[in-house]
Amino acid sequence: MDKQDSNAAPDEQPAFEVTRRTVIETGTTALLLSTLPRAAFAAGLPDGDEPSPPAVKVQLRINGHFHSLMLDPRTTLLDALREHLALTGSKKGCDHGQCGACTVLIEGRRINSCLTLTVMHDGQSITTVEGLALGDDLHPVQAAFVEHDGFQCGYCTSGQICSAIGMLAESQSGMPSYVTKDLAQPATELTDAEIRERMSGNICRCAAYPNIVAAIKQAGGMPT
Amino acid sequence: MKAFTYQRAETAEHAAAAAVKPGAKIIAGGTNLLDLMKLQVETPSKLVDINRLSLDKIEDTADGGLRIGTLVRNSDLAADRRVRQRYGVLSRALLAGASAQLRNKATTGGNLLQRTRCYYFYDVTKPCNKRSPGSGCAALAGFNRIHAILGASEHCIATHPSDMAVAMRALDAKVETVDSEGHARIIPIEELHRLPGKTPETETSLKPGEIITSVTLPPPPPGVQVYRKVRDRASYAFALVSVAAIVDTVHGRIRSARLAFGGLAPKPWRSARAEQTLVNASANTTTFNATADAVLEGARGFGGNDFKIPLTRRTLHSVLAEMTRA
């Protein structure tokens with residue numbers, strides 16, 4: 001899953017691109033980022049004059065690059081990615097694990113990055129949407145989303161794509177779903193119903209669902 | 001989120017000793033705890049992370065059952081070949097809960113100990129005897145569509161939200177724990193969750209600091225296993241009513257039956273009297289009516305959730321008819 005994060009997204013804002021480039025340039029060496037002021041905002045509700053708890057050191061491998069961070073232990077993985085590493089591809093939708101916009105892959109498995117603390121993942125490998133393409137070559141799931149127009153506003157898309165990649169791996173490993181007819185069967189055909197059930201943790205407010213399903217079927221090697 | 005200090009536990013005993021301190025909380029998957037901490041429903045001063053403990057295995061037991069480590073993720077438990085083949089009701093219940101992302105993170109022990117999704121428990125500006133003992137219950141006269149019709153009290157009508165626990169109740173699971181002094185004990189699942197009575201803030205029989213280390217399943221009872229979940233949308237929603245049923249039928253006559261219900265009560269609900277109505281009975285509407293009467297004995301709606309009484313009856317009829325069809 002880990003690939004070189006060598007290309008910035010084409011629609012990235014210039015201000016972010018500078019930050020992103022800084023991260024990329026130093027990404028192959030240990031990068032020590034101190035807690036940014038905005039992290040206090042990102043950590044949740046304001047707590048008056050309460051002092052911040054001591055920062056904790058967290059080492060992560062993100063999209064193939066090693067990072068060492070000093071973080072307030074309250075920092076969710078999503079806030080670490082967005083606010084400390086300027087990896088803003090993972091989106092904050094509900095911030096309560098209900099919408100799926102923050103979906104990333106940890107050791108290849110999809111999770112909601114808003115509902116986990118960064119410090120709980122010390123030493124682990126994380127793949128975000130920024131780490132999927134190889135240079136200018138899109139990941140097959142990214143390419144399928146483009147081909148099938150699997151989005152409208154695009155806010156949920158990075159979560160949908162990371163989730164779909166995790167879902168295809170789960171399906172290939174034989175994991176059943178709620179709509180799987182026969183639990184004893186080691187493998188399941190990825191029907192529309194299977195894809196819809198397995199992707200129900202990713203909400204699309206524009207309701208681009210038919211095209212998302214078509215994109216995933218193509219990426220999963222099913223007839224579309 | 002309130003400030004807390006973070007500690008990684010090395011052993012279960014170490015975790016229990018750390019968690020017994022006032023203000024300390026265990027964190028495993030964190031999918032429920034962090035949600036509540038962001039809303040300041042939960043405000044621990046210390047988090048004890050147990051994710052590095054080696055309690056993530058599913059093992060065969062000598063009696064032909066399974067021992068499930070407390071850190072086994074919901075998705076891994078649902079996908080385990082042995083669970084799928086012999087405890088289908090558990091696999092189905094797990095797959096009916098939450099989303100794939102949450103199931104990849106949520107743990108076995110954490111699922112059992114998750115908190116209610118009562119709207120007023122989640123809203124710190126509203127009275128809630130569970131969150132703030134003595135403040136009252138806003139759900140009694142409020143929006144109570146998702147609330148309990150069985151086992152509730154005038155102090156709390158919240159339901160337990162787990163699907164997994166309902167299947168485990170039908171399977172007579174046992175919960176293994178260790179306390180802050182290193183003593184292990186086994187708690188039958190029916191004794192793990194408590195009814196609210198006058199103390200809805202006390203939800204389980206666990207002592208302070210006592211942590212779940214594993215859940216054991218006895219060998220599966222004979223019969224067909226079904227988990228039926230009725231909810232407001234087809235996926236990714238909590239149960240209004242759910243039924244975990246294990247029924248053994250021979251030539252239209254029921255030999256044994258177990259029924260556990262979710263969405264109805266503050267704990268996974270079973271009725272021995274209801275199960276008794278099925279033993280040696282013919283599988284027909286008259287029998288199923290008697291079973292539903294027994295399950296719903298003492299059921300009480302609070303306005304918004306009155307519909308759960310007929311919904312339970314109809315869901316039970318549907319499940320039993322499907323399971324006993326020749």
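How many salt bridges does the structure hold over all chains? In this predicted model, the structure holds 29 salt bridges over all chains. One of them crosses between chains, running from A:Asp95, in the loop between helix 3 and strand 4 of chain A, to B:Lys38, in helix 2 (residues 33-38) of chain B. The account below begins with the contact between the chains, then turns to salt bridges within chain A, and ends with some elements of each chain.

## Where chain A meets chain B

The contact between the two chains draws on 46 residues from chain A and 42 residues from chain B. Together they bury an area of about 3800 Å², and carbon and sulfur atoms give 52% of that area. Three residues stand out on one side: A:Met120, A:Tyr178 and A:Leu183 supply 20% of the area that chain A buries against chain B, which is more than any other three residues supply.

Charged and polar pairs also span this contact, for the rule finds 3 salt bridges across the interface of chain A and chain B, and the count of residue pairs in polar contact between these chains is 24. The elements that give two or more residues to the side of chain A that touches chain B are strand 5 (109-112), helix 5 (157-172) and helix 6 (192-198) of chain A. Strand 5 of chain A gives the most, with 4 residues. When the residues on this side of chain A are sorted by kind, they divide into 16 nonpolar, 18 polar and 12 charged.

A:Asp95 deserves a closer look, since it forms a salt bridge with B:Lys38. Is A:Asp95 buried or exposed? With a relative accessible area of 18%, A:Asp95 falls under the 20% limit, and therefore it counts as buried. B:Lys38, its partner, is buried as well. A:Asp95 also has a phi near 65°, which is a positive value in a residue other than glycine.

## Three salt bridges side by side

The table sets the pair between chains beside two pairs within chain A.

| Acidic residue | Basic residue | Closest N and O atoms |
|---|---|---|
| A:Asp95 | B:Lys38 | 2.8 Å |
| A:Glu170 | A:Arg110 | 2.7 Å |
| A:Asp192 | A:Lys217 | 2.6 Å |

In the salt bridge of A:Arg110 with A:Glu170, A:Arg110 lies in strand 5 of chain A and A:Glu170 lies in helix 5 of chain A, so the pair ties together parts that are 60 residues apart in sequence. Both A:Arg110 and A:Glu170 are buried.

The salt bridge between A:Asp192 and A:Lys217 likewise links distant parts of the chain, with A:Asp192 in helix 6 and A:Lys217 in helix 7 of chain A, 25 residues apart. Here the two partners differ in their surroundings: A:Asp192 counts as partly exposed at 35% relative accessibility, whereas A:Lys217 counts as buried at 18%. In chain B, salt bridges that share partners join B:Lys25, B:Glu42, B:Arg115, B:Lys130 and B:Glu203 into one network.

## Helices 5 and 7 of chain A

Helix 5 of chain A also holds A:Gly159, which is buried with a relative accessible area of 0%. Leaving aside residues up to four places away in sequence, A:Gly159 touches A:Gly100, A:Ala101, A:Thr103 and A:Asn202. The C-alpha atoms of A:Gly159 and A:Arg110 are separated by 9.4 Å, although these residues are 49 residues apart along the chain.

Among the buried residues of helix 7 of chain A are A:Ile212, A:Val213 and A:Lys217. What covers the buried residues of this helix includes helix 4 (140-147), helix 5 and helix 6 of chain A. Just after helix 7, A:Gly221 takes a positive phi of about 80°. A:Ala207, in the loop between helix 6 and helix 7 (209-219) of chain A, has a positive phi of about 60° although it is not a glycine, and this residue is partly exposed, with a relative accessible area of 45%.

## Strand 6 of chain B and its partners

Why can strand 6 of chain B be called largely enclosed by the rest of the structure? The reason is that 4 of the 5 residues of this strand (residues 174-178) are buried. Strand 6 pairs in the antiparallel sense with strand 7 (residues 184-188) of chain B over 5 bridges, and B:Val178 stands opposite B:Ala184 in strand 7. In the hairpin of these two strands, which has 5 residues between the strands, B:Gly182 takes a positive phi near 90°. Strand 6 of chain B also pairs with strand 8 (residues 211-217) of chain B, again in the antiparallel sense and over 5 bridges, with B:Val175 opposite B:Val215 in strand 8.

How values were computed. Residues are numbered from 1 along each chain as its sequence is written. Chains are lettered from A and ligands numbered from 1 in the order in which they are written. This is a predicted model: local features need pLDDT of at least 70, side-chain atom pairs count only at pLDDT 80 or more; totals for chains, interfaces and linings use all residues. Side-chain values use heavy atoms; hydrogens and water are left out. Contact means heavy atoms within 4.5 Å. Buried area is the accessible area (1.4 Å probe) that two parts lose on being put together, summed over both. A salt bridge is a side-chain nitrogen of Lys or Arg within 4 Å of a carboxyl oxygen of Asp or Glu. A polar contact is a pair of N or O atoms within 3.5 Å; within protein, one must be able to donate a hydrogen and the other to accept it, and residues adjacent in sequence count only if both atoms are side-chain atoms. Ala, Val, Leu, Ile, Met, Phe, Trp, Tyr, Cys and Pro count as nonpolar, Asp, Glu, Lys and Arg as charged, and the others, Gly among them, as polar. Buried means under 20% relative accessible area, exposed over 50%, partly exposed in between (1.4 Å probe, protein chains only). Two strands pair if DSSP finds at least two bridges between them.
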